Amino acid sequence: MFPKSPFLRNPLMESQILQRNPIQLEELMNWLCRPPTITTYRVNTLRTTVPAFKQKLQEILDERYTHPPKLYEVPSIPEVLCISPTSFNVVDMKQKQSDLQREVVVDSCCGAALLRGAHIYAPGVLAMEAGTKLNEEVLVYADLAGKCKQGTNIQYDSVDKIFLGVGVVRMQRHQIFGPAKSSTAEPLKGVAVEMIETISGVPTIGDLSCNEALLQNLPSIVCVRVLNPQPGERVLDMCAAPGNKTSHIAEVMGDEGEVIALDKVTNKISSMLEKITSLALKSISIYNFDATKAFNAAKEAENNERLGKPPFAANTFDKILLDAPCSALGNRPLLVFPPNMSQRMLESYPKVQRKLFSAAVPLLKPNGVLVYSTCTVTEEENEGMVAWVLDTFPQMSLVPATPHLGDIGLEQTALSNVERQYVQRFGQQAKEIEGVPFDTVGFFIAKFLKEY
Ligand code: SAM
């Protein structure tokens, strides 16, 4: 049912960005345009237990599906719950495509979220035909070219729209777009179209995140387990917003110790603060701060009391997570490639990643651990960055990034064969867990030890 490369492509940019031969490139693009097939929740074990959340999820799935998807755990990461894809019926879906009259069009960003199991919120809707009724079943399309105007009330004709699935209308046009010749009334917030089924087969249960569990990509969860924070340690999360790994770090530490979370972007900080406050994690302190400036050589070493504000002195942290700003090309499904990004922007990421490393290394205590991660697939930001660190900082050595659930690093890069085995790349070679392909977003993890 999933069309081959259904997304908008610019082959010239693709080969420049990804530097692969044509066959590799084609395979990579076909993988990037599809969503991960598994859905993962990280259970907050300070608030509930995995069996309790599993039961809650099972009830939701049982209510929604005659043949509910499978729920399973990952042995090496006890706080994870995975949901397998549904066994949807292609024939039924084709029948609906010919039976249903009306359609709703969403933007490509919303389209990508739908393929991962989300519902449609009002701001994502571009077109809904006039006369569409509440609770009516509709065909849902994504406008890949970005040309459909918000508020369109007729059928939108374009070669660049792709069929995504079927949903039920939960809001009418005037609620979504506001009244015509608008008064002061605001468009409604909330679910505008509840998805029943999509061409990806990912269960359409929306986002069930709450204080007990978080919808989170599996490699992001693995990343914190690779860091392996311990109760009582001082941990720096350099690029922390929206704070999903920060809360995981504090939870793994049993909320004992100090977790300093920095982010440079001011408007991400308030929502992060809100989230962390609602989780009542007392070990976390959040600062709106540029992490490239987090090390201050002139600052006297702090005493053993609670840490002050950034910047910090040398040898302050036991562990550092550098979940770097990156080109984010592993965020599957990418329905438009390259995403809205210039060559200049793409080239800016390795520069900032190097600056962040240069601040991180002195901040780490001898024998401290630094984990570097990205959600992208380019060699330069991943294997290339690891090679640069090993060349630039003789005190840093690469160690195995365990638990190792992903693939090994790319061949024929600046990394040796041994180093390649140590890093973890979540890519096209999905492993199987419990007989289900462990298909995730594109991600990269490397772990370093500061030897002196
Ligand atoms: N670790 C986060 C999580 O798991 O929820 C995601 C982090 S995201 C990949 C990268 C973050 O780096 C963005 O929130 C961005 O605002 C932040 N950032 C970019 N440059 C930064 C800098 N110089 N200092 C601190 N944060 C920065």
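How many bridges pair strand β9 (residues 161–169) with β10 in the antiparallel sense? The answer is 5, and the legends below start from that strand pair. One thing to keep in mind throughout: this is a predicted model.

**View 1. Strand β10 and its pairing partners.**
Here we're looking at β10, which covers residues 191–198. Strand β9 pairs with β10 in the antiparallel sense, and within that pairing Gly165 has Thr198 of β10 as its bridge partner. Another strand, β6 (residues 120–121), also pairs with β10, again antiparallel, this time over 2 bridges. To find that contact, look for Tyr121, whose bridge partner in β10 is Val191. While you have β10 in the frame, it helps to recall that side chains in a regular strand alternate between the two faces of the sheet.

**View 2. Glu194 and Arg64, a salt bridge from strand to helix.**
Stay with β10 and pick out Glu194, whose side chain meets that of Arg64 in a salt bridge (3.4 Å, N to O). Glu194 sits in strand β10 and Arg64 in helix α3 (residues 50–64), so this contact ties together parts that are 130 residues apart in sequence. What about burial? Glu194 has a relative accessible area of 23%, so it counts as partly exposed. Arg64 is partly exposed too, at 32% relative accessibility. There's a third member to include in the frame: Arg170 joins Arg64 and Glu194 in a network of salt bridges.

**View 3. Arg42 and Glu251, a buried salt bridge.**
The structure holds 16 salt bridges, and this close-up shows the one between Arg42 and Glu251, with the closest N and O atoms 2.7 Å apart. The pair links distant parts of the chain: Arg42 belongs to strand β2 (residues 39–43) and Glu251 to helix α8 (residues 244–252), 209 residues apart. Are the two ends buried or exposed? Arg42 has just 2% relative accessibility, and because buried means under 20%, Arg42 counts as buried. Glu251, with a relative accessible area of 7%, is buried as well.

**View 4. Helix α7 and the Arg225–Glu79 salt bridge.**
Next up is helix α7, a mostly covered helix with 9 of its 10 residues buried. The buried set is Leu218, Pro219, Ser220, Ile221, Val222, Cys223, Val224, Val226 and Leu227. Arg225, at 27% relative accessibility, counts as partly exposed. The side chain of Arg225 meets that of Glu79 in a salt bridge (2.9 Å, N to O). This contact also links distant parts of the chain, with Arg225 in α7 (residues 218–227), Glu79 in strand β4 (residues 77–83), and their positions 146 residues apart. On the strand side, Glu79 is buried, with a relative accessible area of 4%. Just after the helix comes Asn228, and its phi is positive, near 55°.

**View 5. Strand β22 and three antiparallel neighbours.**
Why call β22 largely enclosed? Of the 8 residues in this strand (residues 443–450), 7 are buried, so the rest of the structure largely encloses β22. Its pairing with β17 (residues 364–374) is antiparallel and runs over 6 bridges; there, Ser373 has Ile445 of β22 as its bridge partner. Strand β18 (residues 396–399) is joined to β22 by 4 bridges, with the two running antiparallel. In that stretch, Leu398 stands opposite Phe448 of β22. Then there's β19 (residues 424–426), which pairs with β22 in the antiparallel sense over 3 bridges. Look at Ile445 once more here, as it is the bridge partner of Gln424.

**View 6. The second largest pocket and its lining.**
Our last stop is an open space: the second largest pocket, with a volume of about 530 Å³. It is lined by 20 residues, and the closest to its centre are Arg20, Gln24, Leu410, Glu411 and Gln428. Which helix gives the most to this lining? That's α2 (residues 22–32), with 4 residues. As for chemistry, the lining divides into 5 nonpolar, 8 polar and 7 charged residues.

Note on methods: Residues numbered from 1 in each chain as written. Predicted model: local features only at pLDDT ≥ 70, side-chain atom pairs only at ≥ 80, totals over all residues. Heavy atoms only, no water. Buried < 20%, exposed > 50% of the residue type's maximum accessible area, 1.4 Å probe, protein only. Pairing = 2+ DSSP bridges. Salt bridge = Lys/Arg side-chain N within 4 Å of Asp/Glu carboxyl O. 1 Å grid on protein atoms, 1.4 Å probe; cavity = no way out; pocket = protein on both sides within 12 Å on 5 of 7 lines; lining within 4 Å. Points joined across faces, edges and corners; volume = space filled by probe spheres on them. Nonpolar A, V, L, I, M, F, W, Y, C, P; charged D, E, K, R; others polar.
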